[in-house]
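Please open the model in your viewer and keep the selection panel at hand. The stops below go from one selection to the next.

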Amino acid sequence: MTILVTGSAGFIGNALALRLLTEGHEVVGLDNVNPYYDVTLKQARLARIAGHPGFTEARQNLEDAAAMNGLFERHGFTHVIHLAAQAGVRYSLEEPQTYVDSNVTGFLNILEACRHHPVAHLVFASTSSVYGLNSQMPFSTHDPTNHPISLYASTKKANELMAHNYSHLFGIPATGLRFFTVYGPWGRPDMALFLFTKAILAGEPIRVFNNGRMVRDFTYVDDIVEGIVRVMTAPPSPDPAWDTGQPDPATSSAPYRLFNIGSNNPVELNRFIELIEQNLDRKAKRQLLPMQPGDVSRTYANVDDLEQAVGYRPSTTVEAGIAAFVAWYRDYFGVAAR
């Protein structure tokens, strides 16, 4: 297969590209290596895959429609895994236009390229944030998601709707994957695990929102990658039983599908911090703060559909995942255990 992986310098995209290259696929990795966070880390991720004979780098912007169309013309992709996006709930309150440019306009260019250069399957990243004010647990893709509470979530909801449009109108097989709080080695510096580990090692206080009572379905990066790989080779078909009178948001009369990928095992933030402390052999200085705007108090993924469709559900425990991250962090930054 010849696979386009967008976001190949990013956390999940880089891990996925490495997995696909190891399995012998041709991978074109697209990324603009923007400075939203440490560019040095992005470059280090790219170095893991740059020398592989099956890898081609495309350093360009999703918003450049002509460049995107040219990329598809040159490579004739069989599959597209679209993971590039402007991420982060809190940053979307500060730079909303960036989210529209990357996540909406950029995704439109992906869809248009798939329309004019047909692929066997378009898999794209969505997020648990689309559930917004929904309090019915665990979150199910069959439930409506009409009340997101951040612009980031709204752009991802827009992606799901746009993909369905193109699937319905042009027959593009499209699957959206709602990721739940992904963590692990090579992770993003703006995420809690990275921020907490760095601060604790420096003896600095960590900011703990909602007094540590936040609950997250933390999902290890290798589990996310495994889910993507399995879904990639299982494109959706139109559901002949789909009922316009009772429309199921997760399926369609078009070749379109939505899945959650989460650990199905929510953990309170206080427990998450305790595990970091244990692995670092240091206590955190906690600055307890109220809930932030745009945040939700709890996430919890129902992954029954994923298991039924591709025979997989995430299984890495948070204990094992945090230990792996801390080991990577110490190695990457040269921090010895005391």
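Why does the distance between the end C-alpha atoms of helix α2 agree with its number of residues? Select residues 39–50, in what is a predicted model. At 1.5 Å a residue, the 12 residues of α2 should span 16 Å, and the end C-alpha atoms are 16 Å apart, so the two agree.

**Helix α2**

Stay on α2 and colour Leu41, Lys42, Arg45, Leu46 and Ile49, which are buried. These residues lie on the same side of α2, because the arc they cover around the axis is only 140°. Next, show what covers them: the cover includes α1 (11–22), β3 (55–58), α6 (192–202) and α10 (318–333).

Go to the start of α2 and display Asp38 and Thr40. A side-chain oxygen of Asp38 comes within 2.9 Å of the backbone nitrogen of Thr40.

Now select Arg48, also in helix α2. Is Arg48 buried or partly exposed? Its relative accessibility is 30%, so Arg48 counts as partly exposed. Leaving out residues up to four places away in sequence, Arg48 touches Asn14, Ala15, Leu18 and Trp186. To check a distance across the model, pick the C-alpha atoms of Arg48 and Arg313: they are 27 Å apart in space, with their positions 265 residues apart in sequence.

**The sheet**

Switch to a cartoon view and look for the open sheet of 7 strands. Its order is β3-β2-β1-β4-β5-β6-β11, and the pairing is parallel. Strands β3 and β11 (256–261) stand at the edges; each has a single partner strand, so one side of each has no neighbour in the sheet. On average, neighbouring strands of this sheet are turned by 20° against each other, direction ignored.

Move to the β11 edge and select residues 174–179, strand β6. Strands β6 and β11 run parallel and are joined by 6 bridges. In one of these pairs of residues, Phe179 has Ile261 in β11 as its bridge partner. Then add helix α3 (residues 65–75), which packs on the sheet and touches β1 (2–6), β2 (26–30), β3 and β4 (79–82). The direction of α3 makes about 170° with that of β2.

**Strand β6**

Return to β6 and add β5, residues 121–127. These two strands pair in the parallel sense over 6 bridges, and Phe124 stands opposite Gly176 in β6.

Which residues point each way from β6? Ala174, Gly176 and Arg178 point one way, while Thr175, Leu177 and Phe179 point the other way. Burial covers 6 of the 6 residues of β6, so the strand is largely enclosed by the rest of the structure.

Zoom in on Arg178, which belongs to β6. With a relative accessible area of 1%, Arg178 is buried. Show its side chain together with that of Tyr131: a polar contact of 2.8 Å joins the two. Add the side chain of Glu160, which also has a polar contact of 2.8 Å with the side chain of Arg178.

**A loop residue**

For the last stop, select Gln86, in the loop between β4 and α4 (96–116). Although it sits in a loop, Gln86 counts as buried, at 6% relative accessibility. What is Gln86 in contact with, leaving aside neighbours within four places in sequence? The residues to display around Gln86 are Tyr36, Tyr91, Thr98, Tyr99, Ser102, Asn103 and Tyr152.

Conventions. Residues numbered from 1 in each chain as written. Predicted model: local features only at pLDDT ≥ 70, side-chain atom pairs only at ≥ 80, totals over all residues. Heavy atoms only, no water. Helix = DSSP H or I, 4+ residues; strand = E, 2+ residues; numbered from the N terminus. Expected span 1.5 Å × (residues − 1). Buried < 20%, exposed > 50% of the residue type's maximum accessible area, 1.4 Å probe, protein only. Arc of directions from axis to C-beta. Contact = heavy atoms within 4.5 Å. Polar contact = N/O pair within 3.5 Å; in protein donor to acceptor, adjacent residues only side chain to side chain. Pairing = 2+ DSSP bridges. Axes fitted to C-alpha atoms, helices over the stretch in contact; angles between N-to-C directions.
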